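Me: Before we go through this chain, I would like each label that is attached to it to be justified, with the value set against the cut-off wherever one is needed.

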Amino acid sequence: ITVRNNGSSAVDNVKVFDSTPAYTKYTAVGAAAISGGSAPSVVTVPPDGSTGSFQFNAGSLNPGEQAVITFGVKIDQ
């Protein structure tokens, strides 16, 4: 997931919420991560091998700046 500030002024307190896609489970092997922004942090992830919600904080994004979020899932068989 890429979050980008396309505006002309900084945005503060940027939060991103997502969840595991249908027919998948979160895997800690592809640990959740965020890079970019003034204070990137992973707030919430589902337990390894479970479905659920994610929350990421990017902090502030200046004009043109972006934050990139990654997490791994395993497809149900």
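Me: Which strands have the lowest and the highest mean pLDDT among the elements of the chain?

Reply: This is a predicted model, and among its elements strand β8, residues 72-75, has the lowest mean pLDDT, 95, while strand β6, residues 53-61, has the highest, 98. For the chain as a whole the mean pLDDT is 96, and 100% of the residues reach 70 or more. Local features need a pLDDT of at least 70, and 100% of the residues meet that value.

Me: What makes up the secondary structure, and in what order do the elements run?

Reply: The chain has eight strands and zero helices, and from the N terminus on the elements therefore read β-β-β-β-β-β-β-β, given that helices and strands are taken as DSSP runs. Along the principal axes, the C-alpha trace spans about 45 × 20 × 15 Å.

Me: Why are β2 and β5 called edge strands?

Reply: The open sheet in question has three strands in the order β2-β6-β5, with antiparallel pairing. β2 and β5 (41-44) each pair on one side only, which is what the label refers to. On average, neighbouring strands of this sheet are turned by 25 degrees against each other, direction ignored.

Me: How do you know that β6 pairs with β2, and with β5?

Reply: Two strands count as paired if there are at least two bridges between them. β2 and β6 are joined antiparallel over seven bridges, so the pair meets that requirement. β5 and β6 also run antiparallel and are joined by three bridges, so this pair meets it as well. Individual positions can be checked in the model: V11 stands opposite L61 in β6, F17 has Q55 of β6 as its bridge partner, and Q55 is also the bridge partner of T44.

Me: What is the order of the strands in the other sheet, and what leaves one side of β1 and of β4 without a neighbour?

Reply: That open sheet also consists of three strands, in the order β1-β7-β4, paired antiparallel. β1 (2-4) and β4 (33-35) stand at its edges with a single partner strand each, so one side of each has no neighbour in the sheet. From one strand to the next the twist averages 15 degrees. β4 and β7 (residues 66-70) are linked by three antiparallel bridges, so they satisfy the minimum of two. Within this pairing, I34 has I69 of β7 as its bridge partner.

Me: Why is β6 described as largely enclosed by the rest of the structure?

Reply: Seven of the nine residues of β6 are buried, and the strand is therefore largely enclosed. For the chain, 27% of the 77 residues count as buried, a label that requires a relative accessible area under 20%.

Me: What makes S60 partly exposed?

Reply: S60 lies in β6 and has a relative accessible area of 22%. Buried would require under 20% and exposed over 50%, so the value of 22% puts S60 in the class between them. Leaving aside residues up to four places away in sequence, S60 touches V11, D12, G37, S38 and E65.

Me: Is V73, in strand β8, buried, exposed or partly exposed, and how do you know?

Reply: V73 has a relative accessibility of 33%, which lies between the 20% and 50% limits, and V73 is therefore partly exposed. Beyond residues up to four places away in sequence, the contacts of V73 are T20, P21, T24, K25, Y26 and T27.

Me: Which residues form the largest nonpolar core, and which element gives the largest share?

Reply: This core has 11 residues, namely V14, V16, Y26, A32, I34, F54, F56, A58, L61, A67 and I69. β2 (11-19), β6 and β7 are the elements that give two or more residues to the core, and the largest share, four residues, comes from β6. One of the core residues is L61, and L61 touches V3, N5, A10, V11, V14, G37, Q66 and A67 when residues up to four places away in sequence are not counted.

Me: What share of the contacts joins residues at least 24 apart in sequence?

Reply: Among contacts between residues at least 6 apart, that share is 66%.

Notes:
Residues are numbered from 1 along each chain as its sequence is written. This is a predicted model: local features need pLDDT of at least 70, side-chain atom pairs count only at pLDDT 80 or more; totals for chains, interfaces and linings use all residues. Side-chain values use heavy atoms; hydrogens and water are left out. Axes are lines fitted to C-alpha atoms, for helices over the stretch in contact, and angles run from 0 to 180 degrees between N-to-C directions. pLDDT is the predictor's confidence in each residue, from 0 to 100. A nonpolar core is a set of buried Ala, Val, Leu, Ile, Met, Phe, Trp, Tyr and Cys residues joined through side-chain atoms within 4.5 Å. Buried means under 20% relative accessible area, exposed over 50%, partly exposed in between (1.4 Å probe, protein chains only). Contact means heavy atoms within 4.5 Å.
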